[in-house]
Amino acid sequence: MLFPTLTFGLFFLAVYALAWSLKASNEWRKIALLLASWFFYAAWDPRFVALLIASGLLNWGAARLIAAAGDRRRARQAWLAAGIAVNLIILGFFKYYGFFMEQLEALLHGLGWQRDLAIMQVILPVGISFFTFQGMSYVIDVYRRRAGPAGLLDMTLLMSFFPHLVAGPIVRASHLVPQLQRAPEITRGMAATGLLLIVWGLFKKAVIASELATGLVDAVFADPSAHSTLDLAAAAYGYAVQIYCDFSAYSDMAVGLAALLGYRFPHNFNQPYRAASLQDFWRRWHISLSSWLRDYLYVSLGGSRHGLTRLCFALTVTMLLGGLWHGASWNFVIWGAIHGAVLAAERLWREFRPREWPAVPHPVGVIVTFHVVLLGWVFFRSASFADAVAFLGGLGAGGGASLLTPLLLGLIVLGMSFHFFPPFTIQRAAMRVRAVPALRVGLAGGFLILVIDAMRPEGVAPFIYYQF
Amino acid sequence: MATAANRNMVGPSPEPAGIADLLADYASPVDLPDPPEPLPGGLRWTTEVIVVAALVLALFNAHALRGWAYRLDTNAATVRLVSAAEGWYEATGRFGLNRPVEAVHAGWQSLKDRRFGEEAPRPPP
C-alpha cells in the first residue's frame with residue numbers, strides 16, 4: 001500500500017476518522033492505530049506482521065530486563081548485548097544471509113571447492129532496517145538511562161506506527177513515546193504544515209521522481225555502455241534529483257500523515273544539496289539515520305574522544321557500515337567508503353590546512369560536495385560494480401544526448417532549485433495557510449492534488465528506500 | 001553530525017525576521033510559532049479541509065477512481081465497484097467535470113513530447 005495511491009488515501013481517511021473518534025480514550029486509540037499499522041504492513045506480506053510483533057516484544061522485554069537489573073552493571077550489559085544481538089540476528093538473516101553465502105561460495109570456488117552451497121532464498125521484509133534500528137536505539141537508550149522502559153502497547157506502536165514503518169524517519173522512543181503517553185491534540189498550524197508536506201511530497205514523488213525514473217534514469221543505468229556522455233551525465237544529475245525527490249517525499253508525507261493524527265515526527269531532510277561540505281551534507285540528508293549512526297555507532301567507536309587517528313577510523317567505519325545498512329552489495333560498501341574517506345579527508349584538511357591558505361569559497365564547496373555525492377550515487381544506483389565502472393568510463397566517451405528532453409531537463413533544474421529556496425518555505429507557507437478558512441484551503445488542496453494527478457505517469461513505482 | 005533540528009522546542013516567535021532560526025530550533029517540522037491570535041478548533045478545521053478536498057477530488061477526478069477500480073482484483077464486490085465507478089465517471093462527464101484533468105493531462109503530455117532542436121517526438125509507449 002503505497003502512500004501516493006487511492007487505496008492508501010481511503011485507508012488513511014478511515015484511520016483518521018477512527019483515531020479521532022476514539023480520542024476520549026488514548027489507550028483504545030493506540031490499539032486502533034496499532035491494528036491499522038499491522039493491517040498496513042500485512043498489505044505487503046501478512047507473514048511478516050508476526051516478525052514485526054516479535055521484534056517489538058523482544059525489544060520491550062530486553063529493555064524491561066535492563067531496567068529491572070537496576071545498578072547491577074554486568075546484568076545490564078548482558079541484557080543489552082542480548083537485545084542488540086537479537087536485533088542484529090534478525091537483520092542479518094533477512095538482509096545479509098544471501099549476500100554472505102554468495103561471497104562464501106565464491107571464496108570456496110576460488111580455493112578449489114567445486115560444489116555449490118545450498119543457499120536459501122530469503123525474502124526481505126519491507127522496512128526491516130528501519131524498525132530494527134528503531135528497536136536497537138530504544139534498548140540502548142534504556143541502558144544509557146536516556147529513556148525509561150515503555151509499556152508494551154507504546155513500544156509495539158512505536159515500532160509499528162504505519163507512517164514511518166517502511167522508510168522512516170527513524171523515530172526514537174525518547175521522541176515518540178512521551179507523545180503516545182498523552183492524549184494527542186492537533187493545532188491548525190500542525191495540520192496546515194502536515195497537509196502542505198503531503199501535497200509537496202506527492203508532487204516530488206509522483207511527478208518529478210517518477211518522470212525522471214521512467215523517462216531517463218532507469219533506461220541509462222540499465223545499460224550505461226549503450227548511452228552517450230550527455231545521457232550518462234543527465235542520468236547522474238537526474239538520479240541525484242530523483243532520489244532526493246523520492247526519499248524526501250516519503251519523509252514529508254510520513255511527517256504530514258503523523259501530524260494529521262496528532263503526532264510530531266522529527267526532521268529528516270533540510271535542503272541537502274546546498275551543503276558546502278560532506279559533514280554539512282550529513283546534517284541535512286536522512287537526518288534521522290545520520291544522527292542514529294552518530295549516537296549509537298560513531299560515539300561507541302570512540303568518536304572524537306581519542307585523537308585524530310581514532311576519529312578518522314570511527315568516521316570511516318561508521319560510513320562503511322552505513323553503506324552496508326542500505327543493502328548487501330559491494331556498491332553500497334563503496335558508496336559508504338567514498339563518504340567515509342571524504343569525511344575523514346575534510347577533517348584532516350581542517351586540522352592541517354596551512355593557516356595562510358584562504359578558505360575554500362562557499363559556492364566552490366557546494367559544487368565540490370555535490371559532485372562527491374553524485375559520484376557516490378553512481379555506485380548507489382548501479383546494479384553492479386562493473387556497471388558503475390562502465391557508467392563512469394562512458395562519461396568520457398563522447399556522443400550526443402538522445403533521451404534528454406526539455407521537460408526532463410526542466411525537472412532536473414527544478415529539483416535542484418528546491419535546495420536553494422529560502423529555508424523552511426513550507427513552514428512559512430503553513431503559517432499563512434492556518435489562518436485561512438477551511439473551505440478555501442480544502443478547495444485549493446483538492447485542486448492541487450488534481451493537477452498533480454493529471455501530471456503523474458500511470459501507476460506509481462515503490463519508493464526507493466522501501467528496498468532497505 | 002548533530003543537527004539544530006534535534007534541539008528542544010522553544011516558545012512563541014519574538015520577531016518574524018528571526019523566523020528561520022526559530023523554525024530550525026523546533027524538534028519537528030510541523031511545529032510552528034504560536035499565531036498572533038489564537039486559532040481554535042484544530043481538529044474541526046482539519047476535518048473540514050480533508051472533507052472539502054475529498055469532495056473536490058471525487059467530483060473532478062472520477063477517472064482516477066475508475067482506474068483504481070479497474071486495477072482491483074476481480075471478484076463480485078469489485079465488479080460492482082467497477083460498475084459504480086464507471087457510472088460515476090459518466091455522470092461527472094455529463095457535467096463537464098472531467099475536462100479540467102483531461103486538459104491538464106493533455107498539456108503535460110505535449111510538454112513531454114517536446115524535443116530539443118529538430119528531433120522527432122518519441123512514439124507513445
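These are my notes on helix H4 of chain B and on the interface of chain A and chain B.

The model is predicted, so I took local features only at pLDDT of at least 70 and side-chain atom pairs only at pLDDT 80 or more, while totals for chains, interfaces and linings use all residues. Residues are numbered from 1 along each chain as its sequence is written, chains are lettered from A in the order in which they are written, and side-chain values use heavy atoms, without hydrogens and water.

**Helix H4(B)**

I looked up H4(B), residues 76-94 (helices are DSSP runs of H or I, at least four residues, numbered from the N terminus). I then listed its buried residues (under 20% relative accessible area, 1.4 Å probe, protein chains only): Thr78(B), Val82(B), Ala85(B), Glu86(B), Tyr89(B) and Thr92(B). They lie on the same side of H4(B), because they cover an arc of only 135° around the axis (taken from the directions from the helix axis to the C-beta atoms). The face turned away from that side carries Ala76(B), Arg80(B) and Arg94(B), which are exposed (over 50%). After H4(B) I found Gly96(B), with a positive phi near 75°.

**Chain A against chain B**

I found 68 residues of chain A in contact (heavy atoms within 4.5 Å) with 52 residues of chain B. The rule finds 2 salt bridges across this interface (a side-chain nitrogen of Lys or Arg within 4 Å of a carboxyl oxygen of Asp or Glu). Glu211(A) forms a salt bridge with Lys112(B), with the closest N and O atoms 3.2 Å apart. The largest share of the side of chain A that touches chain B comes from H19(A), with 13 residues.

Terms used
Helix = DSSP H or I, 4+ residues; strand = E, 2+ residues; numbered from the N terminus. Expected span 1.5 Å × (residues − 1).
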